[in-house]
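Visitor: I would like a close look at one part of this protein, the nonpolar core, with enough of the surroundings to place it. Please take it step by step.

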Amino acid sequence: MPERLLQLDDLLNIRSPEKIATLFQKLGYDAAAQPLNIEDLHLPARSTDAIYDSYLIADQGNGGLQILLFQLHPDEWTSVNAVSSRMRAIANVICQRATEFLLLATKDFNQLMLVNPRKNYDAQLNLKTSIRKLLIDSTNPTNYDRDRLEAIAVRAKSPQELYKTHCEAFDVDKLTKSFYRSYEQIFKNVQQAVKLHNDDLYFADADRLHQFSQRLLGRIMFLYFLQKKGFLAGDYRFLTTRYRSLKTEPDETDYYAQVLEPLFFETLNQNRDGLVHRWGEGQIPYLNGGLFDRDYGEGIKDAAGRETPVTITLPNSLFDPGEPEAIEIAKLRMWLSLVVDIPDIEDVEPLPNLDYKLMCGDSLISTIHGERLIPDPTKEQQLMLAVTPIQTAIQPLLELQRRYFDAQTEERHELRSQILAAEANVFKTAVNDRRQFWEGKQQDLERKIKAFKGKVSKTQEKERTEIGSKLMELDRFASDVESGERSLNFFQYHLHFNDVFKDKGGFDVVIGNPPYVRQEAIKELKPALQKEYDCYTGVADLFVYFYEQGFNLLKSGGHLSYITSNKYFRAGYGEKLRKFLGEKSKVEVLIDFGDSPVFEAIAYPSIILVSKSKPDNHQARVLNWEAGKTVEEFNSVYKSHSFYLPQKELGADGWRLESPAVLRLLDKLRSAGTPLGEYVNEGIYYGIKSGLNEAFEIDEETKKTLISNDYSSKDIIRPWLRGRNIKRWNINYPNTYLIYTYHKIEINHYPAILDYLSQYKDQLQKRATINSHAWYEIQQPQYIYARSFDKPKIVFPDIALESSFALDVKNTYPDTTSFILPTDDKFLLGVINSNIALHFYQKISSQVRGGYLRYKTQYVKQIPIPTAPEADRQAIEAVVQKCLDAKGQGVEEWEAEIDDRVAHLYGLTAEEMKIIRGE
């Protein structure tokens, strides 16, 4: 860990330009407060007038990096945002110089803002300066402030290296990630402490433990913010003062009981005359808002109607400011100070209660066995009907929620109980309504069956079963509501946001970053998802359904914007979603970041903005992100590289963010040839999956031993080929073999093989597919393709940077990382290895990290193979043979000749070849 350079007292002492210079001297800068002639900076008049005084604090490397201090007039410091705007304007002028800068701003030296300016240029090379900042309160500095300052210490760095250090120290993304890492650890500590010190079944439920811990942390973070503002009795170290005054021990629990609980539940949530409190002089505000409502205790129920613990016990060590394992909340509360700027305690107003405005829940599944309980208020037919029992039940709930918004502390508990009861009544009414509907259907069906003397057709039996299932699910749901279980996770938009749909027809904006959960992990949800979503496919990842749900929640003309994986652009499971968005929405903006790591948590990220409007002849603004560009360059890249694409080009068959010229070229290539799948009669075959290569893959010596022990072994030993051994025009044959124990093999005919495999029996029996074949058999032998494996054929790997088709003349059996085309057609090999075919494939297929291509059947089969006269075929075959003989080495001229000949067959122009070559 780097040497500690500063103490907190150093930050308390920055009350003059000279003291600030001394601070930077301790950080290793060549610092001295030198008056600066403001006229020399050539600032605009408005910025010049805003500055009371200015100083050069440090100059590293004779102008390499300078620190400038600006003392602003008081009227420039009305808020943090106002100061930021002024400093941005100053930076935009100063940063036109070659020097790098760190700018300081203050009003009266009680606060010091550090500004890290960053130079960016738009497409016209105009300077656009952005800033990152840190605001230090010199009357109450924190460890976080000291850590940020020490992060920009010189430590023998050059001015250029030092500026880079500044940018890293003020990097919002890095600070945010650091914050969340700290918060995650703190959160785990809190959860462990709650469970350890509270032996209550309530906390055996992971959701309830999570909710309590999250609320506790929220309360404490808010306390540190209030303390920072001096709103806790005017004591900027109130929480530490209270802790020290107890003279308590870390393993005791009196701090939470004697300080925090009274602060939460008897002070901040109480409207007190003069804002007096139990801790003496000064004032502590009344906040209302629900954050400090007592949410546990005798007779108190949670939002689901469950009894809460009577008491909560927490160890002092969790809050001890002197313990290294204590909650380092001083680092966390700075995030609140960035967004809230209240000057005086008299300006603190009671907060509204947002419990029924900000809500969470299962946001995808809103039906019961396909039954939609709460009607959509936006549907015209609903508006035309007489008032229904469900609508009658909803009205009291909405009125209670409206009252709750401004309710004071003493009213809230009673209102919350009434809201829970009203919500349960809505669901009961809705269940009864649907029960009556299905019971009516059931009675009609039984009457029909009775009319035919009890004879039940297959259709009627199926209907009878479905009705019974519906009624059973409704009864189960009613039971869950009665017990309080279902309210925790069951979410009904048309109920909980009824006024949004009734008054506005839906939400104005839906924004989100839906979770990327692979379809294998949501098997239990699939039946419900299938009943609820038009975009459902059995292999779709979870985020697909968030698109349809979010779009359906919009009002007409509303906007949806998501950050998700781009996989739905071209994947087969995205076809329904592409059709849904392409036909029902107007795609305003579509950005594909490819494999650029612009978001840490998302692979292959994309951003989409759509409106709930008919697309008609709309053109979407699209962008293929340029690899190597930084997020800071987004504005200039977007302005210079985005283009307009007719939305009709965003078809269900796949989204390709290409210019009209490129799309026309792709269409031309398609129309000039036969799809490869048709050309080879759908013969694109996947390789063999053994299930345990360690057992079935053998070397030359083992092969000889097995044949020596039993000559019949040679009948099921095959040359083995891995995808990694396949290169363009060439195969690096690995001299390894496969024990080919296909399904239903008479293994007793091969005793040496059986004996050899027996050593792996335990491992082989643990394979996922063991119930469908014998333990000694290959998992997926692809037996129906064996005849094709035994012949010369074209092979290719499943992942490659470029077209990597080769001719296998040794009749190998390919593994699961490779494919075959059951032909030795050298003309075909030349076409699919051409740059024209590669260009086509790059535009229609999906890529993985590093620009690698995935060679999947669904894409490979689309490569168009042009019709060729016999003379042209023979000419291309002759050149291909040269490439094969050379094993792909030094073949550039021959490949260029192949490209020219293939381009001629497609009828490509010189301009179109420039597109293919990327010129």
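Guide: A word on charge comes before the core. This is a predicted model, and its protein chain carries 115 positive and 130 negative charges, whose mean positions lie 5 Å apart.

The frame around the core can be given in a few figures. The protein chain has 919 residues, and 49% of them are buried. Its secondary structure consists of 35 helices and 27 strands. The C-alpha trace spans about 95 × 95 × 65 Å along its principal axes. The accessible surface is about 44,800 Å², and carbon and sulfur atoms hold 48% of that area. Among contacts with a separation of 6 or more, 68% are between residues 24 or more positions apart.

Now the core itself. In soluble globular proteins, nonpolar side chains tend to be buried together. In this chain, the largest nonpolar core has 90 residues. The members that touch the most other members are Tyr545, Tyr568, Leu590 and Ile608.

Tyr568 is worth following outward. Leaving aside residues up to four places away in sequence, Tyr568 touches Phe543, Tyr547, Tyr573, Gly574, Leu577, Arg578, Leu581, Leu590, Ser606, Ile608 and Trp655. Leu590 and Ile608 appear in that list and are also named with Tyr568 among the members that touch the most others in the core. The list of contacts also includes Arg578 and Ser606. A second core, separate from this one, has 43 residues, among them Met221, Leu232, Leu287 and Leu314.

For contrast, consider a charged residue. Glu150 belongs to helix H5, which covers residues 143-151. Its relative accessible area is 10%, so Glu150 counts as buried, the cut-off being under 20%. Not counting residues up to four places away in sequence, Glu150 touches Arg4, Leu5, Leu6, Leu27 and Arg155.

One sheet completes the surroundings. Three strands form an open sheet in the order E21-E26-E25, with antiparallel pairing. Strands E21 (799-800) and E25 (847-848) are at the edges, each with a single partner strand, so one side of each has no neighbour in the sheet. E25 is joined to strand E26 (residues 852-854) by 2 bridges, and the two run antiparallel. One bridge partnership links Val848 with Tyr852 in E26.

Conventions
Residues are numbered from 1 along each chain as its sequence is written. This is a predicted model: local features need pLDDT of at least 70, side-chain atom pairs count only at pLDDT 80 or more; totals for chains, interfaces and linings use all residues. Side-chain values use heavy atoms; hydrogens and water are left out. Helices (H or I, at least four residues) and strands (E, at least two) are DSSP runs, numbered from the N terminus. Buried means under 20% relative accessible area, exposed over 50%, partly exposed in between (1.4 Å probe, protein chains only). Contact means heavy atoms within 4.5 Å. Accessible areas come from the Shrake-Rupley method with a 1.4 Å probe; for residues, only the protein chains shown count as cover. Lys and Arg count as positive and Asp and Glu as negative; His and the chain ends are not counted. The place of a charge is taken as NZ of Lys, CZ of Arg, CG of Asp or CD of Glu. A nonpolar core is a set of buried Ala, Val, Leu, Ile, Met, Phe, Trp, Tyr and Cys residues joined through side-chain atoms within 4.5 Å. Two strands pair if DSSP finds at least two bridges between them.
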